[in-house]
Amino acid sequence: MSWITIVWSMALAVCATLALIHLAIWAQRRSQVAHLLFALTALGAVGNGLAELGMMKATTVEAYVIWLRISLVPTALLVISFAWYIRKYFATGRLSLAAAVTVLWTVLLIVDGFSPFSPIFSEIFGLRIVQTPWGEPFALANGVIGPLKAVNDVANVSFVLFIMDASVTLWRRGQRRRALLGGGVMVCAVVAAILLAYMTDTGILRIPYLVTFIYVGTVILVGYPLIGDVLRAAQLTRELRASDASLRDSEARINLAADAANFGLWVWNIRDDELLVTEKWRKLFGFAESEPVKFDQLLKVVHPEDRERMKQTVQEMLEDGGGGEHESEYRITRPDGSTRWIAGYGGVELDERGKPAFARGVSRDITQRKIAEEELRESEERFRTVADAAPVLIWMAGVDKLCNFFNKPWLEFTGRTVEQEMGNGWTEGVHPDDLQRCLQTYTAAFDARAPFVMQYRLRRHDGEYRWLKDDGVPRYDTQKNFTGYIGSCVDITESISKEQALRESEERMSLAMAAAKLGLWEWNVSKDELWGTKARRVLLGLPASGKIKLEDGLSAVHADDRDRVRQTLKNAARTGEDYHLEYRVVLPDGSVQWTDHRGRCVRGADGNDLVLRGVSMDVTEQKRAEEKFRLATEASPSGILLVNDQGRMVLVNSQIEKLFGYRREELVGKPVDILVPERFASQHPTHRATFFAAPTARAMGAGRELFARRKDGSEFPVEIGLNPIQTSEGILVLAAVVDISARKLAEEEALRHREDLGHLSRVAVMGELTASIAHELNQPLSGIISNASAGQRFIDRGDVDLRELHDLLADIVADGRRAGDVIRGIQSMVRKGTPARQRVNLNELVTNVLRMLNQNAMLHSCQLHTLLDPNLPAIEGDPIQLQQVLINLVINSLDAMRNTPPSRRKVVVTTERNGDDTICTSVRDYGVGIPEEARDRIFDHFFTTKADGLGMGLGIVRSIVESHAGTVAAENVEGGGARFHFTIPVNPAALPL
């Protein structure tokens with residue numbers, strides 16, 4: 001037997017042995033398909049070796065071709081099985097590439113079976129016998145490579161790509177050793193086979209192709225991990241058998257502990273998909289004792305809503321490998337239809353290849369815990385709802401003293417988020433002055449596990465600090481374990497303010513009572529016991545302490561008032577109504593004091609006794625003041641009325657009786673409207689209401705004439721002063737009424753005197769205007785004479801032209817009317833009479849006055865000029881009086897320029913409308929001006945700067961202007977001379993007559 005036969009037989013025996021071993025293992029564990037695939041790969045290597053040995057020993061071309069075509073079958077089996085072994089065992093390699101390898105090698109087998117020639121050679125025309133270095137011959141083929149060789153090459157390339165892809169994936173996973181064993185070895189084997197074949201074909205090496213040994217080596221190296229698993233499994237089996245007794249004891253102890261803890265133990269053989277579980281686990285999940293348990297069976301028990309999550313958890317656990325323990329909670333549906341909550345804890349154990357082999361863990365029924373958690377959640381939700389609806393601020397803190405809950409009113413109050421308040425964040429809103437005290441109280445109570453109450457200021461969302469009352473109590477669970485604190489806060493800012501105000505009020509009341517000598521009294525009607533403040537009892541000479549009777553107290557009351565006081569108190573006790581009375585008391589020294597006593601009837605603390613409580617006050621000084629006020633009122637020369645807010649008179653003096661003709665009792669309690677004339681009576685309530693809305697001391701009816709009505713219906717003018725008085729009964733109005741009938745008569749007499757004086761002034765002016773008046777009359781009279789003479793001449797000639805005669809007569813009529821106007825103007829100036837108001841055009845008035853004074857101006861060598869506003873509105877006034885004002889001012893201007901050079905003598909009269917709806921009229925001259933010492937008195941009556949003047953003109957000017965609601969003033973003007981100007985409103989509200 002040759003060495004080639006021996007060596008090849010040994011290699012084939014090794015592969016066959018491996019194939020038989022893994023076939024046996026697969027026969028026992030059908031789920032471990034990797035063993036079957038590896039066995040097929042080894043059998044493919046055996047078949048390839050047999051075919052290769054047949055080709056080397058062939059002596060004819062026909063025999064070589066047969067063995068060559070047979071060799072493709074085991075080679076295809078080796079490649080396809082190897083690819084799927086890599087996919088199954090190493091869990092790598094793309095499925096598409098594995099499928100491509102399978103399809104391409106299957107196609108190659110079909111081509112090999114039905115093609116007339118081999119996929120390698122299209123023709124073999126001979127054998128070449130080669131001797132090995134040790135002299136043993138073997139056959140090699142000489143032939144032509146066929147076109148189907150490309151199919152073989154593509155199949156080989158697909159296999160190499162698959163191996164490379166699987167190796168890269170293993171490398172990226174960090175399984176570099178497996179990447180080298182799987183991919184590196186196979187790629188190197190392919191490269192080595194190609195090189196050896198090339199070197200053998202070219203004669204470089206005189207040895208067989210050795211493909212068999214490359215396949216055998218690859219099978220052994222790649223199958224090493226699987227073989228190692230088998231050996232470790234055998235070792236583990238021996239170890240398990242050796243420690244079976246101790247394991248059973250340990251398992252028994254574990255089962256006891258698990259049963260005691262309500263645990264179900266499980267071990268999942270991931271490869272075989274077998275679940276080894278304890279009896280407790282079976283009862284928990286509802287499986288029978290001998291029923292095999294698979295993962296899919298377990299999934300069927302899991303609640304449908306949790307099934308996908310369970311799958312995802314298991315997938316994550318397998319992908320994570322030995323990354324640690326995993327925990328999950330899910331529901332199961334037991335055979336009786338009930339639902340239970342299960343908590344699963346477990347981890348994955350990896351084999352030497354880093355693949356998940358086993359998963360171990362425990363399962364525990366947590367249904368009661370889940371129910372308790374749900375009840376707790378619902379309880380907490382109810383608590384949160386109640387807390388958020390509560391009208392107080394609620395907080396909770398844990399055992400670490402840090403706050404972990406704030407209700408909605410707290411967050412709305414502070415305007416902050418719950419995240420900002422958590423822990424000690426809430427202290428940021430506490431007032432800095434209260435923070436340390438607040439924390440000390442909180443910490444001390446927390447350490448002592450004691451309730452606490454504290455007050456502090458907390459900043460509200462609007463920035464204002466508000467006082468809170470915080471009540472905190474410790475919390476305990478059902479096992480009496482301390483779990484923290486809970487507290488509620490109430491805004492007591494208003495209460496504190498009220499308490500402070502009450503304390504201040506009590507202090508003020510005490511001071512006021514002491515200062516006002518107030519006394520408090522209480523009479524228990526049922527027991528006839530009288531109590532009073534110590535100071536008041538001592539003042540009246542009663543015992544300072546001890547019980548006294550009502551009659552004891554009444555003994556200090558003045559004898560004339562005693563019965564009235566007694567009866568008032570008894571009536572109040574009988575009716576239950578409040579009471580008020582004034583009476584006199586006699587002090588131990590014999591002096592008499594007036595007392596004001598007010599009280600009410602109430603029930604005692606027991607609800608049975610009837611009690612009168614009251615306060616008494618010394619009003620002696622008030623009584624004396626009232627008497628003085630009465631005397632002063634009676635002595636007043638004015639009528640005095642005191643009216644309440646209802647418009648009724650509560651007090652009148654004797655002067656009112658004299659003014660109005662009523663007796664006092666006819667007025668007191670009656671409406672004040674009976675003293676108002678009927679023509680004003682309807683408006684008086686409105687005026688009275690306006691006054692009471694904003695009462696101030698002032699004259700009544702400012703700017704209006706007031707009249708009062710006597711009892712007999714006659715009216716008389718009055719002046720009334722109003723002064724509000726605040727009393728305990730409300731606002732009273734003190735009205736002082738003065739009859740001004742005599743003053744009105746005097747004013748009317750003075751007005752007549754002023755009118756007479758104005759008339760005399762106008763008459764005097766007429767004397768000064770004689771030349772101007774004569775000139776004004778001379779012109780129309782001369783025209784009349786001329787026109788009449790012309791008419792006579794026309795008649796005397798006998799050639800009368802009626803048209804010309806008509807024109808002459810029209811001129812005579814016009815001149816006659818003009819003369820009549822001059823005469824009527826003179827008459828109106830000198831006539832005495834009542835001033836007549838009408839609409840006056842000041843521009844026309846100025847023009848007429850200057851035309852009248854033109855002759856006087858010529859005698860003074862003076863020019864008259866005007867600057868008149870063309871858009872001047874008419875005013876309301878007396879044209880005669882206003883004409884007198886202008887004449888006086890212009891004549892004064894002419895007189896003021898006697899010493900002025902004739903070239904500078906000029907009077908300018910100006911009219912213009914001011915922005916305040918008044919018209920200003922000014923007369924400006926270029927004379928000597930107004931002396932400084934005369935400027936303040938120039939408009940006074942009987943004051944003059946002229947040697948022959950009376951001092952009446954400018955005084956009358958001022959009186960006339962003021963009677964038109966206007967003002968008059970004078971000033972020196974830059975450039976020399978003076979300027980007199982007066983302003984009159986366009987539409988005055990009322991012009992006095």
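**View 1. Helices α2 and α3 side by side in the predicted model.** The axes of α2 (residues 33-57) and α3 (residues 61-89) come within 7 Å and cross at roughly 160 degrees. Angles over 145 degrees count as roughly antiparallel, so that is how α2 and α3 run relative to each other. The crossing of α2 past α3 is left-handed. Sort the residues of this contact by class and you get 19 nonpolar, 8 polar and 1 charged.

**View 2. Helix α4 against helix α5.** Here we have α4 (residues 95-114) and α5 (residues 149-172), with axes that come within 9 Å and cross at roughly 160 degrees. The two helices are therefore roughly antiparallel, and α4 passes α5 in a left-handed crossing. On the α4 side, look for L97, A98, V101, L104, W105 and L108. Their partners in α5 are V151, N152, V154, A155, N156, S158, F159, L161, F162 and D165. By class, this contact comes to 12 nonpolar, 3 polar and 1 charged residues.

A side note on the spacing of those positions: an α-helix has 3.6 residues a turn, so residues three or four places apart point the same way.

**View 3. Helix α3 alongside helix α5.** The axes of α3 and α5 are 11 Å apart, and the packing angle is about 15 degrees. That makes α3 roughly parallel to α5, with angles under 35 degrees counting as such. The crossing is left-handed. From α3, the residues to find are V79, F82, A83, I86 and R87; they meet F159, F162, I163 and A166 in α5. The class count for this contact is 8 nonpolar, no polar and 1 charged. F159 and F162 may look familiar: both are among the α5 residues that meet α4.

**View 4. D112, an aspartate in helix α4.** Is D112 buried or exposed? Its relative accessible area is 6%, so D112 is buried, the cut-off being under 20%. Setting aside neighbours within four places in sequence, D112 is in contact with R69, L72 and P119. I70 is worth picking out as well: D112 and I70 are 42 residues apart in sequence, with 8.7 Å from C-alpha to C-alpha.

**View 5. N407, in the loop between β9 and α14.** Strand β9 (403-406) comes before this residue and helix α14 (408-414) comes after N407. What is the relative accessibility of N407? The value is 0%, so N407 counts as buried. Which residues does N407 touch, not counting those up to four places away in sequence? They are A387, D388, V392, L393 and I394. The C-alpha atoms of N407 and R384 are separated by 7.1 Å, with their positions 23 residues apart along the chain.

**View 6. Two aspartates with positive phi, D273 and D528.** Most residues other than glycine have a negative phi, which gives these two a reason for a close-up. D273 has a phi near 55 degrees and lies in the loop between β3 (263-269) and β4 (274-277). For D528, phi is about 50 degrees, and the loop runs between β13 (518-524) and β14 (529-532). D273 is partly exposed, with a relative accessible area of 23%. D528 also counts as partly exposed, at 26% relative accessibility.

**View 7. Helix α32 and the residue with positive phi that follows.** Helix α32 covers residues 953-963. Which residues of α32 are buried? They are L954, G955, I956, V957, I960, V961 and S963. After the helix comes A965, whose phi is positive, near 60 degrees.

**View 8. Stepping back to the whole protein.** To place the close-ups, the secondary structure comes to 32 helices and 30 strands. Buried residues make up 40% of the 993 residues. Take the contacts between residues at least 6 apart in sequence, and 55% of them join residues at least 24 apart. About 54,200 Å² is exposed, with carbon and sulfur atoms supplying 57% of that area.

Methods:
Residues are numbered from 1 along each chain as its sequence is written. This is a predicted model: local features need pLDDT of at least 70, side-chain atom pairs count only at pLDDT 80 or more; totals for chains, interfaces and linings use all residues. Side-chain values use heavy atoms; hydrogens and water are left out. Helices (H or I, at least four residues) and strands (E, at least two) are DSSP runs, numbered from the N terminus. Buried means under 20% relative accessible area, exposed over 50%, partly exposed in between (1.4 Å probe, protein chains only). Contact means heavy atoms within 4.5 Å. Accessible areas come from the Shrake-Rupley method with a 1.4 Å probe; for residues, only the protein chains shown count as cover. Axes are lines fitted to C-alpha atoms, for helices over the stretch in contact, and angles run from 0 to 180 degrees between N-to-C directions. Angles under 35 degrees count as roughly parallel, over 145 as roughly antiparallel, 65 to 115 as roughly perpendicular and the rest as oblique. A crossing is left-handed if the near helix is turned anticlockwise from the far one by less than a right angle, and right-handed if clockwise. Ala, Val, Leu, Ile, Met, Phe, Trp, Tyr, Cys and Pro count as nonpolar, Asp, Glu, Lys and Arg as charged, and the others, Gly among them, as polar.
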